[in-house]
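Got your viewer open? Let's take a walk through this one, a stop at a time.

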Amino acid sequence: MNHPMRHPVTVLVAPRSHPVSQRPTRCPADARAVTLALGLSLPVRLLTAGAMPEQVARDYLALGAGQIDILPCADDSLLLPALLPALRAADWVLTGTRSAVDHGSGVLPHALAAALQRPLVTEVLALQIEGASGIVTQALPRGARRRLRVQAPALLAVSAAAAPALRHSLADAMAGRIRHGAGAGDTAPAPLGPPCGQRVPANQRRQVLQATIVQSGHARMLGAIAPATTGGTIVRDGTAHTKAQAVLDYLRRHSLVSF
């Protein structure tokens, strides 16, 4: 019987396409998660599923991690069942908030939390381990912060406002290990969790609605209930003399003529 190896902290990483050159690079959101994990006094393992070029894997190792495990995954739809067996032995699982600048991304942490039946904390800025629990600093709207005590095992989605990954060591990039294959998970396959939903291509996803004019709630309410006023009078009936007199009266009322 295969017993899973304990990995206290596991960080999920993935490659992304550069928006200009379209070359595969490391994801800034995942790099922030790696930087946060390496600041803890616990062993850290990087984990990914699917194809990852060696150059991208070395870029993640350059942050200071000693090893990255690459699990086989033939299709993105099989990503969840490929990761679940390797994550059951992890006390803390860290991910990025989004894999790219896309409103449809960032669903994987929620699917993993539901399948593993673990709590999920999003927009994480910092983590401090205290025994079997941890103090999590979470970012809130308008710059607010709050601290939560979270019991392990748990999933943490690191915020984009966390400290960026500035370290890049060529020595660590070359010395780090890259493990391929099913053995990288260090555990036997486990029953599949609930389905993660239907995947929709990025070019077919619905766009987030945005207001064309930014107004306060009070201004929008007044625009909905106040009658539309044009500030003038439309003269359709009458003779030419009557219409000309109406124009002249308007000019005199606004001091545009002096006769």
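On this tour, two residues are in contact when they have heavy atoms within 4.5 Å of each other. Keep that in mind for the opening stop, which is a residue with plenty of partners.

**Stop 1: Ala157**

Select Ala157, which lies in strand E10. Leave out residues up to four places away in sequence, and Ala157 touches Thr95, Gly96, Thr97, Leu120, Val121, Thr122, Glu123 and Val124. Is Ala157 buried or exposed? Its relative accessible area is 5%, and buried means under 20%, so Ala157 is buried. Now add Gln138 to your selection: 19 residues separate it from Ala157 along the chain, and the two C-alpha atoms are 9.9 Å apart.

**Stop 2: zoom out and colour by confidence**

This is a predicted model, so colour it by pLDDT before going on. The average for the protein is 80, and 80% of the residues score at least 70. Where is confidence highest, and where is it lowest? The high point is strand E10 (residues 154–158), with a mean of 92, and the low point is helix H6 (residues 217–225), with a mean of 81.

Next, select residues 187–196. Here pLDDT stays under 50, and the model has 16 contacts for this stretch beyond four places in sequence. Where pLDDT is low, the predicted coordinates should not be read in detail.

While you're zoomed out, switch to cartoon view. You should find seven helices and 11 strands. Of the 259 residues in the protein, 35% are buried. Take the contacts with a separation of 6 or more: 69% of them are between residues 24 or more positions apart.

**Stop 3: two helices that cross**

Select helix H3 (residues 79–87) and helix H4 (residues 108–116). Two packed helices are described by the angle between their axes and the distance between the axes. Here the axes come within 11 Å and cross at roughly 55°. H3 and H4 are therefore oblique to each other, and H3 passes H4 in a right-handed crossing.

Which residues make the contact? Show side chains for Leu79, Leu80, Leu83, Leu84 and Leu87 on H3, then for Leu108, Ala111, Leu112, Ala115 and Leu116 on H4. Sorted by class, the contact has 10 nonpolar residues, no polar ones and no charged ones.

Stay with H3 a moment. Seven of its nine residues are buried, so H3 is largely enclosed by the rest of the structure. Those buried residues are Leu80, Ala82, Leu83, Leu84, Pro85, Ala86 and Leu87.

Now pick out Leu79, also in H3. Leu79 is partly exposed, with a relative accessible area of 21%. Setting aside neighbours within four places in sequence, Leu79 is in contact with Ala49, Cys73 and Leu108. Try the distance tool on Leu79 and Leu108: they are 29 residues apart along the chain, with C-alpha atoms separated by 8.9 Å.

**Stop 4: helix H1**

Jump to helix H1 (residues 28–38). H1 is mostly covered, with eight of its 11 residues buried. Highlight them: Ala29, Asp30, Ala31, Arg32, Ala33, Val34, Leu36 and Ala37.

**Stop 5: backbone oddities**

Select Ala152 and Pro153 and look at the link between them. The peptide bond from Ala152 to Pro153 is cis, with omega near 0°. Pro153 sits in the loop between strand E9 (145–151) and E10.

Next up is Gln22, in the loop between strand E2 (15–17) and strand E3 (24–26). Its phi is near 65°, a positive value in a residue other than glycine. At 51% relative accessibility, Gln22 counts as exposed.

For another positive phi, select Ser255: the value is near 55°, and this residue isn't glycine either. Look for Ser255 in the segment after helix H7 (240–253). Ser255 is exposed, with a relative accessible area of 64%.

**Stop 6: Leu140**

Finish at Leu140, in the loop between strand E8 (133–139) and E9. Is it buried, exposed or partly exposed? Leu140 is partly exposed, at 29% relative accessible area. Apart from neighbours within four places in sequence, Leu140 is in contact with Arg145 and Arg146. Add Val124, 16 residues away along the chain: its C-alpha atom is 9.6 Å from that of Leu140. You've met Val124 before, as one of the residues that Ala157 touches.

Terms used: Residues numbered from 1 in each chain as written. Heavy atoms only, no water. Axes fitted to C-alpha atoms, helices over the stretch in contact; angles between N-to-C directions. Helix = DSSP H or I, 4+ residues; strand = E, 2+ residues; numbered from the N terminus. Parallel < 35°, antiparallel > 145°, perpendicular 65-115°, else oblique. Left-handed = near helix turned anticlockwise from the far one by under 90°. Nonpolar A, V, L, I, M, F, W, Y, C, P; charged D, E, K, R; others polar. pLDDT = per-residue confidence, 0-100. Buried < 20%, exposed > 50% of the residue type's maximum accessible area, 1.4 Å probe, protein only.
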